[in-house]
Amino acid sequence: MNVVQEYRYLAPSTAGAGGVDLQTCGGPAANPRFFSGFLTTPAAAAAGLLAVADVARTRYFQPVNPASLDPVVTGSADRLRFESFSGCCGAYARLDALPAGLDGDVLEHGTTNVDVNAPLREALARISGLDPLHLSVGPDALIASTLDGTVVEKKVPLPARWLRGFAEVHVLSAGFDLRAELPAAEAVAFLRRLPGANDRSVLWAVPAGRSLRLTSRPVPGAVCLAGAGRLASLRGLLRYSKTLRVYGPPIKAGSQPVASAWELDTGALRLTLTLSPEPHRGFSGEGAALTSLAGDEVADDADLVGALLSWDPTIDVSTLADGAAIDTARVRAALAQLGTAGRVGYDVSESAYFHRVLPYDAARAERDNPRLVGARTLAESGSVALDGESAATVRSGDQTYRVRRHPDGAMSCTCPWWAKHRGGRGPCKHALAVTIVTNAPVRA
């Protein structure tokens with residue numbers, strides 16, 4: 001299912017000797033103006049912006065015509081964050097322009113789409129030199145008043161699964177830990193050893209001294225690397241980077257493929273590329289956010305915490321807990337639910353959430369999720385029969401399934417979905433239906 005996303009820019013974005021002018025559409029205003037100042041490392045910033053734009057126009061699995069999706073940018077107190085998903089929803093890119101990378105003012109807080117067109121990409125690729133480059137995010141007053149004849153309108157079929165990807169990736173990222181840190185020289189050598197762009201294998205990167213070695217089997221401490229060719233988007237910024245950091249969840253022998261995050265840090269910029277567990281899997285189907293979407297018990301907390309968000313670069317959980325007069329566990333649960341609506345993201349480098357509000361209807365992430373829609377239908381139709389606190393029977397069509405809650409809180413089901421994925425892609429609709437009926441948390 002696609003959603004037609006309409007963009008209306010007052011002019012095309014441009015880049016040249018005078019600076020980089022990024023046009024905006026939607027968010028806190030029709031065409032908000034977020035930033036005016038200088039990029040302190042212009043060539044590196046251009047390479048990072050180009051990487052985010054290239055991910056937005058790429059389908060890594062079964063490549064077809066470019067997706068041509070416009071990235072979003074969030075302006076907070078002291079930095080800009082540019083984000084995009086690939087057209088296949090299997091790769092998420094974010095460029096953080098940190099305080100050291102910007103010499104100017106964030107004029108307005110919020111999140112908006114930015115126009116990244118073919119001429120702009122070509123111009124970004126030509127930017128070089130050490131002199132600061134002016135950056136404008138949003139139209140200035142002069143341009144906005146004289147562009148009657150140059151309005152740029154786009155109608156883009158935005159996949160509903162791309163919207164759901166934002167709801168999933170922050171939940172997965174919040175479970176990542178730093179697994180390896182490579183100096184620049186070792187990072188270059190490692191990335192050069194990777195398979196080509198068409199490789200679809202699932203590999204595992206294991207820390208080995210100051211570098212990483214690749215293996216075909218999961219071992220403790222490893223990081224999953226699925227479709228290694230997807231890391232090609234990092235190469236443009238590699239020459240300017242000091243460090244490559246790699247993040248992932250805990251791994252043990254026999255683990256199934258999982259998501260991972262790969263971050264280049266220049267000191268002034270951070271480019272993070274998060275990869276889905278397998279090249280053919282988009283983040284939209286991972287099911288990590290389903291529990292938060294299904295749980296009604298944190299809705300009130302989410303409303304309370306959401307009202308306290310203030311566009312800080314990172315969200316301080318303890319400060320929110322004090323302001324909301326609830327404990328930190330309830331704040332984290334509320335942030336997880338806010339993330340499913342696109343109102344927060346997660347920064348693995350700082351192990352912290354950040355505030356954003358997507359400039360499109362992020363509520364579609366819940367309405368268009370087939371498993372969640374099916375679960376609500378089962379719950380509302382009386383198809384769930386509880387059997388004590390640890391078991392339930394769920395009627396689904398002509399079939400009946402048994403759902404069990406185990407002592408560690410995990411749930412299992414006798415349905416074909418659970419038999420195939422064993423909880424590796426989130427709970428099935430039957431377990432979600434039980435969760436809705438019992439209003440109790442569920443773990444895959």
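Two strands pair if DSSP finds at least two bridges between them. Keep that in mind for the exercises below, which work through a predicted model.

**Exercise 1. A strand with two partners**

Task: Find which strands β14 pairs with, and in which sense.

Solution:
- Start with strand β15 (residues 211-215): β14 pairs with β15 in the antiparallel sense over five bridges.
- Check one pair of residues: Ala208 stands opposite Ser211 in β15.
- Look at the connection: β14 and β15 form a hairpin, with two residues between them. Gly209 in this turn has a positive phi of about 65°.
- Now turn to strand β16 (residues 223-226): four bridges join β14 (residues 202-208) to β16, and the two run antiparallel. Here Trp204 stands opposite Cys224.

**Exercise 2. Burial of a strand**

Task: Decide how many residues of strand β10 (residues 110-114) are buried, then find what β10 pairs with.

Solution:
- Apply the cut-off: buried means under 20% relative accessible area.
- Five of the five residues in β10 are buried, so β10 is largely enclosed by the rest of the structure.
- Sort the residues by direction: Gly110, Thr112 and Val114 point one way, Thr111 and Asn113 point the other way, and all are buried.
- Add the first neighbour, strand β4 (residues 24-25), which pairs with β10 in the antiparallel sense over two bridges. Thr24 stands opposite Val114.
- Add strand β6 (residues 72-75), which is also antiparallel to β10, with four bridges. Val73 has Thr112 as its bridge partner in β10.

**Exercise 3. Two helices in contact**

Task: Describe how helix α8 (residues 299-308) and helix α9 (residues 317-324) cross, and which residues meet.

Solution:
- Recall what to look for: two packed helices are described by the angle between their axes and the distance between the axes.
- The axes of α8 and α9 come within 10 Å and cross at roughly 110°. Angles of 65 to 115 degrees count as roughly perpendicular, so α8 is roughly perpendicular to α9.
- Give the hand: the crossing of α8 and α9 is right-handed.
- List the contact: Leu304, Val305 and Leu308 in α8 meet Leu320, Gly323 and Ala324 in α9. By class, this contact has five nonpolar residues, one polar and no charged ones.

**Exercise 4. A proline in a loop**

Task: Is Pro407 buried or exposed?

Solution:
- Locate the residue: Pro407 lies in the loop between β24 (399-405) and β25 (411-413).
- Exposed means over 50% relative accessible area. Pro407 has 89%, so Pro407 is exposed.
- Finally, compare with Ser390: Pro407 and Ser390 are 17 residues apart in sequence and 8.5 Å apart in space, C-alpha to C-alpha.

Methods:
Residues are numbered from 1 along each chain as its sequence is written. This is a predicted model: local features need pLDDT of at least 70, side-chain atom pairs count only at pLDDT 80 or more; totals for chains, interfaces and linings use all residues. Side-chain values use heavy atoms; hydrogens and water are left out. Axes are lines fitted to C-alpha atoms, for helices over the stretch in contact, and angles run from 0 to 180 degrees between N-to-C directions. Angles under 35 degrees count as roughly parallel, over 145 as roughly antiparallel, 65 to 115 as roughly perpendicular and the rest as oblique. A crossing is left-handed if the near helix is turned anticlockwise from the far one by less than a right angle, and right-handed if clockwise. Contact means heavy atoms within 4.5 Å. Ala, Val, Leu, Ile, Met, Phe, Trp, Tyr, Cys and Pro count as nonpolar, Asp, Glu, Lys and Arg as charged, and the others, Gly among them, as polar. Buried means under 20% relative accessible area, exposed over 50%, partly exposed in between (1.4 Å probe, protein chains only).
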